[in-house]
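Let's take a walk through a protein chain together. Have the sequence and the 3D view open, and follow along as we go from the whole chain down to single residues.

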Amino acid sequence: MAFSKTQFETFVDSLGLNFFNADELLVGRYRPDNGPPPVTIWHNIVPTILILDHLREHTGCGIKLISVYRTEAYNDPEKNKGRAPLSQHQAFTAIDFRVTGMKPDKVVPILKGWENSEWFWSPLDFQRKAVKVSKGNIPFGEMPRKVSAGVLGCWFTFRGFVKPYMKQNFTHLDTRGMLSGEDDDGE
Ligand SMILES: [Zn+2]
């Protein structure tokens, strides 16, 4: 199905983000071999971008998204050294980002401190989907959630993976739904 920018914007609007828009989430879309995320997995990014919205508020520092969705062709570890064959970017659960004036080793402890403790509100009761690539299934699980009868949206807590890249000055965050450090693949 052809990608609809308008439909993607409506989806992003439904998340009530304070600091990010549809264009930022589509960063890298036009890089060679890359493209927009398929509509079937748009919901996969919901917890990740809501956590980053919270981080932006918490730090008061600008956040620049560097890499979000990657097609299998664009992610190819043989063409791009350092990319994982089962990268969470292919499941649209991962974001690489840079925080203005804050090094990755200062960003990581904030996010890890929220894991399994901080509850985040999502106005969208997201339905995520596992993704399979030719190398296998991308590690995937759900976020623990709380829903209330008659209320749209849900509370979730964060389970995923965070990694600092000091040399390139960016941080990787994904919401694979597993405890941090359980799996070193898939950055
Ligand atoms: Zn990454």
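Helices here are DSSP runs of H or I with at least four residues, strands are DSSP runs of E with at least two, and both are numbered from the N terminus. Keep in mind that this is a predicted model.

**The whole chain**

With that in hand, you can read the chain as a string of elements: from the N terminus on, they go α-α-α-β-α-β-α-β-β-β-β-β-β-β. That comes to 5 helices and 9 strands.

How does the radius of gyration of the chain sit with that of a compact globule? A compact globule of 187 residues would come out near 16 Å, and the chain has 15 Å, so the two agree. Along its principal axes, the C-alpha trace spans about 50 × 40 × 30 Å. As for the inside, 32% of the 187 residues count as buried. Now look at contacts between residues at least 6 apart in sequence: 73% of them join residues at least 24 apart.

**The sheet and its helices**

Next, find the open sheet of 4 strands, which has the order β1-β2-β9-β8 and antiparallel pairing. Its edge strands are β1 (63–67) and β8 (161–165), each pairing on one side only. From one strand to the next, the twist averages 30°.

Let's zoom in on one of the pairs. Strand β2 (residues 94–99) and strand β9 (residues 170–174) are joined in the antiparallel sense over 4 bridges. Here Ala-94 of the chain stands opposite Asp-174 in β9.

Which strands does α3 lie across? They are β1, β2 and β9, and α3 runs at about 15° to β2. Helix α5 (residues 104–114) packs on the sheet too, where it touches β2, β8 and β9, and its direction makes about 170° with that of β8.

Helix α3 (residues 46–59) deserves a second look. It has 14 residues and reaches 20 Å from first C-alpha to last, close to the 20 Å expected at 1.5 Å a residue. Its buried residues are Val-46, Pro-47, Thr-48, Ile-49, Leu-50, Ile-51, Leu-52 and Leu-55. Just after α3 comes Gly-60, with a positive phi of about 70°.

**Three loop residues**

Most residues other than glycine have a negative phi. Two residues of this chain go the other way: Phe-92 has a positive phi near 60°, and Asn-169 has a positive phi of about 55°. We can put them beside Ala-130 and see where each one sits.

| Residue | Loop between | Other C-beta atoms within 10 Å |
|---|---|---|
| Phe-92 | α4 (72–75) and β2 | 27 |
| Ala-130 | β3 (119–122) and β4 (132–133) | 14 |
| Asn-169 | β8 and β9 | 13 |

Why does Phe-92 count as buried? The cut-off for buried is 20 or more other C-beta atoms within 10 Å, and Phe-92 is buried because it has 27. A residue is exposed at 12 or fewer, and partly exposed in between. Ala-130 has 14, so it is partly exposed. Asn-169 has 13, so it counts as partly exposed.

One last stop at Ala-130. Leaving aside its neighbours within four places in sequence, Ala-130 is in contact with Asn-137 and Phe-140. Try finding Ile-41 as well: its C-alpha atom is 8.3 Å from that of Ala-130, though the two residues are 89 residues apart along the chain.

Notes
Residues are numbered from 1 along each chain as its sequence is written. This is a predicted model: local features need pLDDT of at least 70, side-chain atom pairs count only at pLDDT 80 or more; totals for chains, interfaces and linings use all residues. The expected span of a helix is 1.5 Å times one less than its number of residues. Two strands pair if DSSP finds at least two bridges between them. Axes are lines fitted to C-alpha atoms, for helices over the stretch in contact, and angles run from 0 to 180 degrees between N-to-C directions. Two residues are in contact if their C-beta atoms, placed from the backbone, lie within 7 Å. The radius of gyration is taken over C-alpha atoms; the globule rule is 2.2 Å times the number of residues to the power 0.38.
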